[in-house]
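Reader: I would like to learn how to read a folded chain, beginning with its sheet and ending with single side chains. Could you take me through it step by step?

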Amino acid sequence: MQKYEIIATTLMGLETELSKEIEVLGGQKIEVLKRAVRFYGDDALMYAANISLRTALRVLIPIDEFPANNENDLYYKVKSFPWENIFGLHQTFAIEAVTSGEYFKHSKFTTLRSKDAIADRFREKTGRRPRVDPEQPDISINIHINVNQVSVSLDSSGISLDKRGYRKLKSVAPINEVLAAGIILKSGWNASLPLYDPMAGSGTFSIEAAMIGSNTAPGLNRSFSFQNWGEYEEKLFEKV
């Protein structure tokens, strides 16, 4: 099975824990970045990363990279990508943009221009524009800009991975599940030791520790954006 570049994002300070998780899953050429880890793997590993990683927020698949010095430059380069090969008119999409540097100071405007570029390409090719759904899109697209270097990725996770799917209600100011899992992993706790949770407002530490101690994957109770991709292999996913 073909291997490709994968980037798992995380919270600041949890990069080492994430890289260790990826190594256990079988990731290759692992490289620790700022709030992210780059590695290489195949579809099975990408599926497993989404299901199993406790300290990852999103699992991204880079599909394009280019320089851009302004919004119009960004628009035409995003538009030049063959998006019709990625998804169809019957599917909804959404874009999340992260920007830094002097050229792109407003992530919302960057998101808007990128959205227009994709929609306009579809309209020129088919006469219709696909619908945008910012809440539950079929296809999630991530655009990361560092000064004038643009990286476009497919977000295989969709809803961020801290949303495990086991919680219907939250208490006031709950701790992020990824942060809770990361703190537990940093502590060195394992299932042979008692666990004392002094901040059990909504039980996040206890629940995450229970899943770690029982070797229960955190993503078993949710769905993922990659399940909407044309190349999604349901039998492989069930095997994973």
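Author: What follows is a walk through the sheet, a helix beside it, the aromatic rings and two polar side chains. Please keep in mind throughout that this is a predicted model.

Reader: In what order do the strands form the sheet, and what is the sense of the pairing?

Author: Strands of a sheet pair through backbone hydrogen bonds, either parallel or antiparallel. In this structure seven strands form an open sheet with mixed pairing, and their order across the sheet is 2-3-1-4-7-6-5. The edges are strand 2 and strand 5 (93-100), each of which pairs on one side only, and from one strand to the next the twist averages 30°.

Reader: Which residues can I use to find the register between paired strands?

Author: It helps to take one facing pair from each of several strand pairings. Strand 2 and strand 3 are antiparallel and share four bridges, and here Gln28 stands opposite Tyr40 in strand 3. Strand 1 and strand 4 (residues 58-67) also run antiparallel, joined by three bridges, with Ala8 opposite Val59 in strand 4. Strand 4 is in turn joined to strand 7 (residues 149-155) by seven bridges, again antiparallel, and in that pairing Phe66 faces Val150 in strand 7.

Reader: Which helix packs on the sheet, and which strands does it touch?

Author: Helix 4 (residues 107-126) packs on the sheet, where it touches strand 5 and strand 6 (139-146), and its direction makes about 140° with that of strand 5. Helix 1 can be read through its buried residues, which are Glu15, Glu17, Leu18, Ser19, Glu21 and Ile22. These buried residues pack against strand 1, strand 2 (28-33), strand 3 (36-41), helix 2 and helix 5 (177-187). After helix 1 comes Gly26, whose phi is positive, near 110°.

Reader: How should I describe two aromatic rings that lie beside each other, and how many such pairs does a search of the whole structure find?

Author: A pair of aromatic rings is described by the distance of the centres and the angle of the planes. A search of the whole structure finds twelve aromatic pairs. One of them is formed by Tyr47 and Phe226, which are stacked, at 4.6 Å centre to centre and with 15° between the planes. This pair links distant parts of the chain, since Tyr47 is in helix 2 (residues 43-52) and Phe226 is in the loop between helix 6 (204-213) and helix 7 (234-239), 179 residues apart.

Reader: Are Tyr47 and Phe226 buried or exposed?

Author: Tyr47 has a relative accessible area of 2% and is therefore buried, and Phe226, at 0% relative accessibility, counts as buried too.

Reader: What does an edge-to-face pair look like here?

Author: Phe224 and Phe237 form such a pair, at 6.4 Å centre to centre and with 70° between the planes. Phe224 lies in the loop between helix 6 and helix 7, whereas Phe237 lies in helix 7, so the pair ties together parts that are 13 residues apart in sequence. Phe224 counts as buried at 3% relative accessibility, as does Phe237 at 13%. Taken together, ring pairs link Tyr47, Phe224, Phe226, Tyr232 and Phe237 into a cluster.

Reader: Which charged residue lies over the face of a ring?

Author: Lys29 lies over the face of Tyr40, at 5.2 Å from the ring centre.

Reader: Where is Thr10, and what does its side chain reach?

Author: Thr10 is in the loop between strand 1 (4-9) and helix 1 (15-25), and at 4% relative accessibility it counts as buried. Its side chain reaches the backbone oxygen of Thr55 at 2.5 Å. Leaving aside neighbours within four places in sequence, the contacts of Thr10 include Leu18, Arg35, Leu57 and Val178.

Reader: And which side chain makes a polar contact with that of Asp43?

Author: Asp43 lies in helix 2, and its side chain makes a polar contact of 2.6 Å with the side chain of Tyr4. With a relative accessible area of 17%, Asp43 is buried. Not counting residues up to four places away in sequence, Asp43 touches Met1, Tyr4, Glu233 and Leu236.

Methods: Residues numbered from 1 in each chain as written. Predicted model: local features only at pLDDT ≥ 70, side-chain atom pairs only at ≥ 80, totals over all residues. Heavy atoms only, no water. Phe/Tyr/Trp six-rings, centres within 6.5 Å; stacked < 30°, edge-to-face > 60°. Helix = DSSP H or I, 4+ residues; strand = E, 2+ residues; numbered from the N terminus. Buried < 20%, exposed > 50% of the residue type's maximum accessible area, 1.4 Å probe, protein only. Lys NZ or Arg CZ within 6 Å of the ring centre and 35° of its normal. Polar contact = N/O pair within 3.5 Å; in protein donor to acceptor, adjacent residues only side chain to side chain. Contact = heavy atoms within 4.5 Å. Pairing = 2+ DSSP bridges. Axes fitted to C-alpha atoms, helices over the stretch in contact; angles between N-to-C directions.
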